[in-house]
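Okay, thanks for coming, everyone. I'll keep this short: one pocket, then some helix packing. Here's what we're looking at.

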Amino acid sequence: MHSLKISSHSEKETINLGRKLVGLLGRGDIVCLFGTLGAGKTVLVKGMARGLGIKRNQVISPSFVLMREYSARVRNKRMPFYHFDLYRLTNIKQILDLGYEEYLFGQGISVIEWAERMMGYMPGEFLKIKLEIRGSRQRNLKLSSNSRRYQKLLHDLESKI
């Protein structure tokens, strides 16, 4: 399994990484984010959204509703961008009631903050990003996947950074 390790030394660098990453994603792609509170998950999502033509200030953490949907532009085509935040998930039934499979395996790009809370309901293939705090501004990101699709994506991303 190939993994990619990246250090970000500022919020701006994390946003730029999100912009580069999302440029490689397409319909049906799933990105699962892992990390502690304040590790930069939402900052990375804001960068991804920005790369899709969504204004950064429009992206807020959907903690109280579990998911927000944005209209995105990918290679001059409109598609949904689904932003899940499972931080306040108290019962897995909440995500099941949401019908999460329709979003994850639908026509858009899905990004899931606090993905570890999905327990046994993780998708079979996804890009995993683990964010770690390494000081007041530095974050270490480890991107990995067992899937061939996402392995190629990691290789392509590595050549862009």
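**Pocket and helix 1**

So, the largest pocket comes out at a volume of about 150 Å³. Bear in mind as I go that this is a predicted model.

What lines the largest pocket? Going along the chain, you've got Ser8, Ser10, Glu11 and Thr14, then Gly38, Ala39, Gly40 and Val43, and finally Ser136, Arg137 and Arg139. Sort that lining by class and you get 6 polar residues, 3 charged and 2 nonpolar.

Now, keep Glu11, Thr14 and Val43 in mind, because they turn up again where helix 1 meets helix 2. Helix 2 covers residues 41-51, and its axis comes within 7 Å of the axis of helix 1, with a crossing angle of roughly 50°. That angle is why we call helix 1 oblique to helix 2. As for handedness, this crossing is right-handed.

Who's touching whom? On the helix 1 side it's Glu11, Thr14, Ile15, Leu17, Gly18, Arg19, Leu21 and Val22, and helix 2 answers with Val43, Leu44, Gly47, Met48, Arg50 and Gly51. By class, that contact has 7 nonpolar, 4 polar and 3 charged residues.

Okay, next partner: helix 5. Here we have residues 11-22 for helix 1 and residues 148-160 for helix 5, with axes that come within 10 Å and cross at roughly 130°. So helix 1 is oblique to helix 5. And which hand is the crossing of helix 1 and helix 5, left or right? It's right-handed.

The residues in this contact are Leu17, Lys20 and Leu21 from helix 1, against Leu153, Leu157 and Lys160 from helix 5. The class count there is 4 nonpolar and 2 charged, with no polar residues.

Leu17 and Leu21 are also among the helix 1 residues that contact helix 2. That's me done, over to you.

Conventions:
Residues numbered from 1 in each chain as written. Predicted model: local features only at pLDDT ≥ 70, side-chain atom pairs only at ≥ 80, totals over all residues. Heavy atoms only, no water. Axes fitted to C-alpha atoms, helices over the stretch in contact; angles between N-to-C directions. Helix = DSSP H or I, 4+ residues; strand = E, 2+ residues; numbered from the N terminus. Parallel < 35°, antiparallel > 145°, perpendicular 65-115°, else oblique. Left-handed = near helix turned anticlockwise from the far one by under 90°. Contact = heavy atoms within 4.5 Å. Nonpolar A, V, L, I, M, F, W, Y, C, P; charged D, E, K, R; others polar. 1 Å grid on protein atoms, 1.4 Å probe; cavity = no way out; pocket = protein on both sides within 12 Å on 5 of 7 lines; lining within 4 Å. Points joined across faces, edges and corners; volume = space filled by probe spheres on them.
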